[in-house]
Amino acid sequence: MTQISLSFPDGSVREYNSGITPSEVAKSIAKSLSKKAISATVNSQHWDLSWPISEDAKITLHTMKDDIQANELVRHDLAHIMARAVQEIWPETKVTIGPVIENGWYYDFDRDDPFSPEDLGLIETKMKSIINACDEVTTEVWDRSRALDYYRQTNEPYKVELVEAIPESEPIRMYWHGTWQDLCRGPHLQHTGQVPADAFKLMSIAGAFWRGDSNRAMLQRIYGVAFTSKDKLKAYLHMRDEAAKRDHRKIGREMNLYHMQAEAPGQVFWHPNGWTIYTTLQDYMRRKQRAGGYVEVNTPQVVERKLWEQSGHWEKYQEHMFIVEVEEEHAQEKAINALKPMNCPCHVEIFKHGLKSYRDLPFRIAEFGSCNRYEPSGALHGLMRVRGFTQDDAHIFVTEDQIEQECVRFIEFLTDVYNDLGFPTYTIRFADRPDIRVGNDDTWDRAEKALLDATKKITDNVELNQGDGAFYGPKLEFVLTDAIGRDWQCGTFQVDFVLPERLDASYIGADGARHRPIMLHRAALGSFERFIGILIEEHAGKLPFWLAPIQVVVASIISDTIDYVHETVEQLRRAGVRAEADIRNEKINFKVREHSVNKVPIILAIGMREVKDQTVTIRRLGAKQTRIQDRETVTRELSQEATPPDLCTHP
RNA sequence: GCUGCUGUAGCUCAGAGGUAGAGCACUCCCUUGGUAAGGGAGAGGUCGAGAGUUCAAUUCUCUCCAGCAGCACCA
């Protein structure tokens, strides 16, 4: 028998016979450890306690206290337990796959009758009885033909396909939870009773395509969440409730920001409050862009098909464009146009107008570009995914050796903007060449290097998004993380070798000859709609003062103060503060409650005392305390506070 | 687009094969009250749209539209 040596986290090394399992290793160290161990990490691979180790390795034994491993095992075992429960209740159901995901797992099933929400309770009960049975979990490695025969015999076509897809080099491993068998990579716990029966919950049923392919069968997916303890599950469910309260669709209604209706799906009816946020944000971006060296342009909404054919969008995105057909008076055929789904081709046309010299580069044009895309109905989601939206779009025409400097410049610009808007940290994803692409490898090499070098000048915090670049060039994606940990991709910076070529854009170089510029696409916010959605959720509706649609409500306590209230509102408005009067015949308690619910940042209460002393009583949203202060001072301070961050004279 | 669920007053929701109800909001009246809901009265609905079954449909069935969750998609 060959000997192997295992080294432990504490630095110690022990000798064992080859083929020893982590379970036996644990037993050799301490009885208590062997009881508590649930899995191991062997040479940085998560390892089942029952798998043999046949070579020298680094080993770490895990217990339920190791959250990462424990969660994975609990969730993975629950996936099997759920599949078993489903097949015990409905034996005709076919099983497919059931991976662990963030916070839980899912399992995809194929059956004629879809699951109903009531079925979830049934399944949960069955799962608990499987857990209580403490059935042993066992595993074997099978050879390919045995596995295929088995799944053909048991009439599990999806499993047959899965086995066939496993590369020859990899073992085919089976697991049993009791007598219930599933193809699985592992690892797992040792018996079903190790799964905490009170720390999981089945959440929802949804359709999902087999192998993520919309041309293949639609399966029934059940989602579950699971943790290592009941308290952790409770904490998670609580967090989820909190997230739901921040939903911009709910807050948008409550704060009367916008609405949508069936006659214009995916398009926004901005109400006065919402439009105030929108225009305030747009005014801010306009100033920033001007200061950042961009010139602003505006281009047509309805553009003839021909241009989209030239740009290549017609071929690729035709079915996602709003087509506008017009019976033109003297034309032989109908004129076919499309609402612009993007601004790039129009910007190229502006660049092309009049000869450009290399001295004109970098040529930066920006547009608050209204775009319309016929997004699939199932993709629409509040302000986050709409059919009509406005991008803070810009295109920069450059020579190849200007890419890096423009990229640095943009990242600085974007950092500044995100900072002002309350997102001091963000992550950058670098998406490099996809398999299907245009342009030669030399060009890609240089473009990718330029982007990476530029990014690294500013931050080391870059994630690689391999192969996810556009077919026309590499890109950077700027991702914000909101207050409850969700990621939102907003900004983008893309290098494009293709469009200038397709639309035949050129400039005159120092050598007097025509050259092809490279086009950089970039946006900081992405779309105003989406960004406002993110702002609302990030702040739970309590926007920074300068963005709040109504900044101040001046509320009368008794009707004798109405003139003073109006006067105060006028004074605030003259000072650039968005103020409203509330002189309704209601108690001050009522008014405070209502405006607080509506998230108005400041309430100024006016009674006879204030009128007599020329003061106001100021109350900030969320504060219990109020404070009486001279009216002129308050006006001055609020005016200061209402100033957008880029116009503030003091830090 | 696909699977499932949902659609009743401005909002949140209840209801039943015999053409509708609550709370909040709204209007009016009383109340002039000092920091998170004062009291009373009133008005408001082709029950998402269309078709079918039925003596009778908002309720059952089908089709469509929209929304929600997820999948697929996102230039």
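Trainee: Which helices and strands each supply at least two residues of the lining of the largest pocket?

Mentor: They are H11, strand E21 (388-398), strand E24 (475-481), strand E25 (487-496), helix H15 (499-502) and strand E28 (518-527). Please bear in mind that the model is a predicted one.

Trainee: Which residues lie nearest the centre of the largest pocket, and what is its volume?

Mentor: Of the 40 lining residues, Met342, Arg373, Gln391, Tyr472 and Gln494 lie nearest the centre. The space in the largest pocket comes to about 1300 Å³.

Trainee: How do the residues of that lining divide into nonpolar, polar and charged?

Mentor: The lining of the largest pocket has 16 nonpolar, 12 polar and 12 charged residues.

Trainee: What is known of the second largest pocket?

Mentor: The second largest pocket has a volume of about 850 Å³. It is lined by 29 residues, and Ile166, Leu183, Cys184, Arg185 and Gly186 are the closest to its centre. At least two lining residues come from each of strand E4 (45-47), helix H3 (67-89), helix H6 (157-165), strand E10 (172-177) and strand E11 (180-183). By class, 15 are nonpolar, seven are polar and seven are charged.

Trainee: What makes a residue count as near RNA strand B, and which residues come nearest?

Mentor: A residue qualifies if one of its heavy atoms lies within 4 Å of the strand. There are 49 residues around RNA strand B, and Met342, Ile557, Asn585, Arg593 and Glu610 come nearest. Of the atoms of RNA strand B that come within 4 Å of the protein, 47% belong to sugar and phosphate.

Trainee: How do you know that Glu610 makes a polar contact with RNA strand B?

Mentor: An N or O atom in the side chain of Glu610 is 2.4 Å from a base nitrogen of RNA strand B. The cut-off for a pair of N or O atoms is 3.5 Å, so this pair is a polar contact. Arg593 also qualifies, with a side-chain N or O atom 2.5 Å from a base nitrogen of the strand. In the case of Gly378, a backbone N or O atom lies 3.1 Å from a base nitrogen, so this pair too is within the limit.

Trainee: Which element gives the most to the surface near RNA strand B?

Mentor: H18 gives the most, with seven residues. The elements that each supply at least two residues include strand E12 (200-209), helix H18 (588-597) and helix H19 (608-613). The surface near RNA strand B divides into 23 nonpolar, 16 polar and 10 charged residues.

Trainee: In what order do the eight strands of the open sheet stand, and what makes E16 and E23 its edge strands?

Mentor: The order is E16-E20-E21-E28-E25-E24-E22-E23, with mixed pairing. Strand E16 (295-296) and strand E23 (462-465) are the edge strands, as each pairs on one side only.

Trainee: How do you know that E24 and E25 pair?

Mentor: Two strands pair if there are at least two bridges between them. Seven bridges join E24 to E25, so the condition is met, and the two strands run antiparallel. Val479 stands opposite Gln489 in E25.

Trainee: Why is one side of E2 and of E4 left without a neighbour in the sheet of five strands?

Mentor: That open sheet has the order E2-E1-E5-E3-E4, and its pairing is mixed. Strand E2 (13-17) and E4 stand at the edges with a single partner strand each, so one side of each has no neighbour in the sheet. From one strand to the next, the twist averages 35°.

Trainee: What makes E1 and E5 a pair?

Mentor: Two bridges join strand E1 (residues 3-7) to strand E5 (residues 57-62), so the minimum of two is met. These strands run parallel. Ser7 stands opposite Lys58 in E5.

Trainee: Which peptide bonds are cis, and where do their prolines lie?

Mentor: A cis bond joins Gly186 and Pro187, with omega of about -5°, and Pro187 lies in the loop between E11 and E12. The bond from Leu361 to Pro362 is also cis, with omega near -10°. Pro362 lies in the loop between helix H12 (344-352) and strand E20 (363-372).

Trainee: What sets the phi of Asn256 apart?

Mentor: Most residues other than glycine have a negative phi. Asn256 is not a glycine, yet its phi is positive, at about 55°. Asn256 is placed in the loop between H8 and strand E14 (258-259).

How values were computed: Residues are numbered from 1 along each chain as its sequence is written. Chains are lettered from A and ligands numbered from 1 in the order in which they are written. This is a predicted model: local features need pLDDT of at least 70, side-chain atom pairs count only at pLDDT 80 or more; totals for chains, interfaces and linings use all residues. Side-chain values use heavy atoms; hydrogens and water are left out. A polar contact is a pair of N or O atoms within 3.5 Å; within protein, one must be able to donate a hydrogen and the other to accept it, and residues adjacent in sequence count only if both atoms are side-chain atoms. Helices (H or I, at least four residues) and strands (E, at least two) are DSSP runs, numbered from the N terminus. Ala, Val, Leu, Ile, Met, Phe, Trp, Tyr, Cys and Pro count as nonpolar, Asp, Glu, Lys and Arg as charged, and the others, Gly among them, as polar. On a 1 Å grid over the protein atoms alone, a cavity is a set of points where a 1.4 Å probe fits but cannot get out, and a pocket is an open set with protein on both sides within 12 Å along at least five of seven lines; lining residues have an atom within 4 Å of a point. Grid points are joined across faces, edges and corners, and a volume is the space filled by probe spheres set on the points. Axes are lines fitted to C-alpha atoms, for helices over the stretch in contact, and angles run from 0 to 180 degrees between N-to-C directions.
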